[in-house]
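Q: Please take a close look at one part of the surface of this protein. I would like one connected account that then sets it against the rest of the chain.

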Amino acid sequence: MRVPNSVVLPVGTHVDCCREEEVEEKRNDIMAKIAAMLAERKSNLAHFIDNLEGSEEPEFYVDQWERLKEMESCTLTILNLVAVNCTDHRDIKKLEGTILQHVKNEELFPEVVRVLPPVYRRVEAAIVDIAQSEEMAGHG
């Protein structure tokens, strides 16, 4: 919550241990708790800022006030929770697809359209070569 313009994708695991209706109930409960936590954080920050601004000698607290104002300006985007059965390879692929879909969203990640330096392509190609070599462990 202290990273400017951060994006969080909650992931619920162990779906295989729940009935389908339980998964939806838990998803709603988790998302409600996240919303409540964010609202409480916003309220607490506003309260701390008001206290500093209302203090008898606010000039002594300028550094604290600036840090709190900076934290207050940080936006946090919470995406919808993705429920995953970690024992099912298809669910892992579904999660991977969801992450890629969000990362490609220019509204969430405006930097995604930035052209990367050529060295990044060379590093990526080297990683692909290593991953495709027979020396790579199957789980790696």
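Is L116 buried or exposed, or partly exposed, and what is its relative accessible area?

A: In this predicted model, L116 is partly exposed, with a relative accessible area of 40%. Partly exposed here covers the range from 20% up to 50%, so the value for L116 falls inside that class. L116 sits in the loop between α3 and α4, the latter spanning residues 118-132.

L116 is one of the residues of a nonpolar surface patch, together with V119, Y120, V123 and I127. The area of this patch is about 450 Å². Residues enter a patch when their relative accessible area is over 30% and they take part in no salt bridge, so the 40% of L116 meets the area condition.

For the whole protein, the exposed area is about 11,200 Å², and carbon and sulfur atoms supply 55% of that area. Of the 140 residues, 16% count as buried.

The charged side chains form 7 salt bridges. One of them joins K93 and E96, with 3.6 Å between the closest N and O atoms. Both residues belong to helix α3 (residues 89-103), where they are 3 residues apart, about one turn of the helix. K93 is partly exposed at 43% relative accessible area, and E96 is partly exposed at 40%. Elsewhere, R19, E21 and E22 are joined into one network by salt bridges that share partners. Within it, R19 pairs with E22, the closest N and O atoms lying 3.9 Å apart. That distance is within the 4 Å cut-off, so the pair counts as a salt bridge. E22 is partly exposed, with a relative accessible area of 24%.

A further salt bridge links the side chains of K69 and E72, at 3.1 Å from N to O. These two residues lie 3 apart in helix α2 (residues 62-73), which means they are separated by about one helical turn. K69 has a relative accessible area of 31% and is partly exposed; E72, at 36%, is also counted as partly exposed.

As for the overall layout, the protein has 4 helices and 4 strands, in the order β-β-α-α-β-β-α-α from the N terminus. The radius of gyration is 22 Å, well over the 14 Å that the globule rule gives for 140 residues, so the protein is more spread out than a compact globule. Along the principal axes, the C-alpha atoms fill a box of roughly 70 × 50 × 25 Å. Among contacts between residues at least 6 apart in sequence, 66% join residues at least 24 apart.

Notes. Residues are numbered from 1 along each chain as its sequence is written. This is a predicted model: local features need pLDDT of at least 70, side-chain atom pairs count only at pLDDT 80 or more; totals for chains, interfaces and linings use all residues. Side-chain values use heavy atoms; hydrogens and water are left out. Buried means under 20% relative accessible area, exposed over 50%, partly exposed in between (1.4 Å probe, protein chains only). Patches are made of residues with over 30% relative accessible area and no salt bridge: like charges are joined within 9 Å, nonpolar side chains (Val, Leu, Ile, Met, Phe, Trp, Tyr) within 5 Å. Accessible areas come from the Shrake-Rupley method with a 1.4 Å probe; for residues, only the protein chains shown count as cover. The radius of gyration is taken over C-alpha atoms; the globule rule is 2.2 Å times the number of residues to the power 0.38. Contact means heavy atoms within 4.5 Å.
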